[in-house]
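Okay, thanks for coming, everyone. I'll put the structure up on the screen, and then we'll walk through it together.

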Amino acid sequence: MNFNIGDYAVPLIFAAVFIFGLAKKTDVFSEFLKGVEEGLGTVRDIFPSLMALVTCVGMFRACGGVELLTEWLKPVTELFGFPAECTPLVILRPFSGSGAVALYENILTQTGADSFAGRVASVMLGSSETTFYTIAVYFSATKVKKIRYALAAALVGDVCGWILSAAAVRIFLGA
Amino acid sequence: MSVMMKWVFGGLIILSVIIGFIRGDAAAVSNAAVSACGEAVTLCITLCGIICLWSGVMRVAQTSGLTKLTAKALSPVLRRLFHGISPKGEAMQFIVLNITANLLGLGNASTPFGLAAMRALEKEEKSGERATDNMILFVVLNTASLQLIPTTVAALRLQHGSAAPMEILPAVWVVSLINAALTVTAAKIMGAAARRRGAGL
């Protein structure tokens, strides 16, 4: 059950890259160093937006904003038969991966992994990404200022996915 | 970028301060600001190691011609999705690697590939300050979950005593697929609409 494809994939990829490189007579060491230098440039470019996003999300979580929004969204979530315990996850998931995982653990502890809310939270977390974070970080590696319809298109999928996750649990797991 | 982030960033900070004051918990907000910016640095240092490591490995794979080989094998599907990108170019190679890492759930590797793909797209399509349709399509594909096995979720479910940690798989697949399909369709429609109107949006 604890089989993790990542445990095997990463070392195998490393080995394949260096074996292929040496076979092709590539100077693997100096190419590696050049790559690291390029990587540093990327990190420097994305750092400011990372800093901004993590800070404002941290402040928003601390002030109780997530709980407040959960309360406001109640009429909407009830309409879709969406478990109230999972609403905070909807709010935090697009902004923070680690925050969402912490909330998810909370839901599992409170309601149990095999409860309806626990299953819906599992499906939500497994089928979505940190949308705002991804858009902010990916574009900050470039000089793009106008992201046009990127956020709108990403949110269309996210919102439908969240609404569907409760329905999918009902269909596939019965409750 | 700056247009969206202007409102997200400004809005979240102003809201946090107002809500903090109303609830009489301004201290929590100011503490969070200090600790969160420290967290951002920690996150960046963690990312720095991973991004540099993968950039180094990728550079080796690129010079030796290995990425070109993998891109050739995997690009037929992606070529249909991304119009006007050179199938053998740097951008397509990184897009292929990013998607592959996403499918395998190698989150640590997919971000470095994704950032490299964005830079290569910027170079190839000469985007300037305005995102190109292919850049947007690539980013929104990354905002949908492409991971085949949600390992973090399964591990946490097991840890929290689930009788069947993997029972959620079919539901996760269907929802992920619908999320990705809708996102890509929305991007294609919005891109076509923008082209019809001329520039703009």
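Let me start with a question: leaving out residues up to four places away in sequence, which residues does B:Ile136 touch? Have a look while I remind you that this is a predicted model. Right, here's the list. From chain A, B:Ile136 touches A:Arg148, A:Tyr149, A:Ala150 and A:Ala153. From chain B, B:Ile136 touches B:Ala131, B:Ala187 and B:Gly191.

Let's pick one of those partners, A:Ala150, and go over to chain A. A:Ala150 lies in helix α8 of chain A, residues 150-173. Is A:Ala150 buried or exposed? It's buried, because 27 other C-beta atoms lie within 10 Å, and the cut-off for buried is 20 or more. If we skip the neighbours within four places in sequence, A:Ala150 is in contact with A:Ile135, and across in chain B with B:Ala131, B:Ile136, B:Val139 and B:Val140. A:Ile135 sits 15 residues from A:Ala150 in sequence, and the two are 7.8 Å apart in space, going C-alpha to C-alpha.

A:Ile135 takes us to helix α7 of chain A. That helix covers residues 131-140, and 10 of its 10 residues are buried. Among them are A:Phe132, A:Tyr133, A:Val137 and A:Phe139.

Now let's put those pieces together. The largest nonpolar core has 111 residues, and the ones with the most contacts inside it are A:Leu89, A:Ile135, A:Ala150 and B:Ile136. Which helix gives the largest share of this core? That's α2(B), with 12 residues. The core also draws at least three residues from each of domain 1 and domain 2 of chain B.

On to how the two chains meet. In total, 95 residues of chain B are in contact with 91 residues of chain A. On the chain B side, α1, α2, α5, α6, α7 and α8 each supply at least two residues. The largest share there, 24 residues, is again from α2(B). By class, that side of chain B has 60 nonpolar, 25 polar and 10 charged residues. As for the predictor's scores, the complex gets an ipTM of 0.87 and a pTM of 0.87.

Next, chain B by itself. How many helices and strands does chain B have? There are 8 helices and 0 strands. The C-alpha trace of chain B spans about 60 × 50 × 35 Å along its principal axes. Of the 201 residues in chain B, 46% are buried. And if you take contacts with a separation of 6 or more, 53% of them in chain B are between residues 24 or more positions apart.

The domain assignment splits chain B into domain 1, residues 32-133, and domain 2, residues 144-201. Their C-alpha centres lie 19 Å apart. The contact between them takes 5 residues from domain 1 and 6 from domain 2. On the domain 1 side, helix α4 of chain B, residues 90-104, gives the most, with 3 residues.

Last thing, confidence. Chain B averages a pLDDT of 88, and 98% of its residues score at least 70. Which element of chain B has the lowest mean pLDDT? It's helix α3, residues 66-81, at 82, while α6(B) has the highest, at 96. A general caution to finish: where pLDDT is low, don't read the predicted coordinates in detail.

Key: Residues are numbered from 1 along each chain as its sequence is written. Chains are lettered from A and ligands numbered from 1 in the order in which they are written. This is a predicted model: local features need pLDDT of at least 70, side-chain atom pairs count only at pLDDT 80 or more; totals for chains, interfaces and linings use all residues. Two residues are in contact if their C-beta atoms, placed from the backbone, lie within 7 Å. Helices (H or I, at least four residues) and strands (E, at least two) are DSSP runs, numbered from the N terminus. Ala, Val, Leu, Ile, Met, Phe, Trp, Tyr, Cys and Pro count as nonpolar, Asp, Glu, Lys and Arg as charged, and the others, Gly among them, as polar. A residue is buried if 20 or more other C-beta atoms lie within 10 Å of its own, exposed if 12 or fewer, and partly exposed in between; C-beta atoms are placed from the backbone. Domain bounds come from an automatic or database domain assignment. pLDDT is the predictor's confidence in each residue, from 0 to 100. A nonpolar core is a set of buried Ala, Val, Leu, Ile, Met, Phe, Trp, Tyr and Cys residues joined through C-beta atoms within 7 Å.
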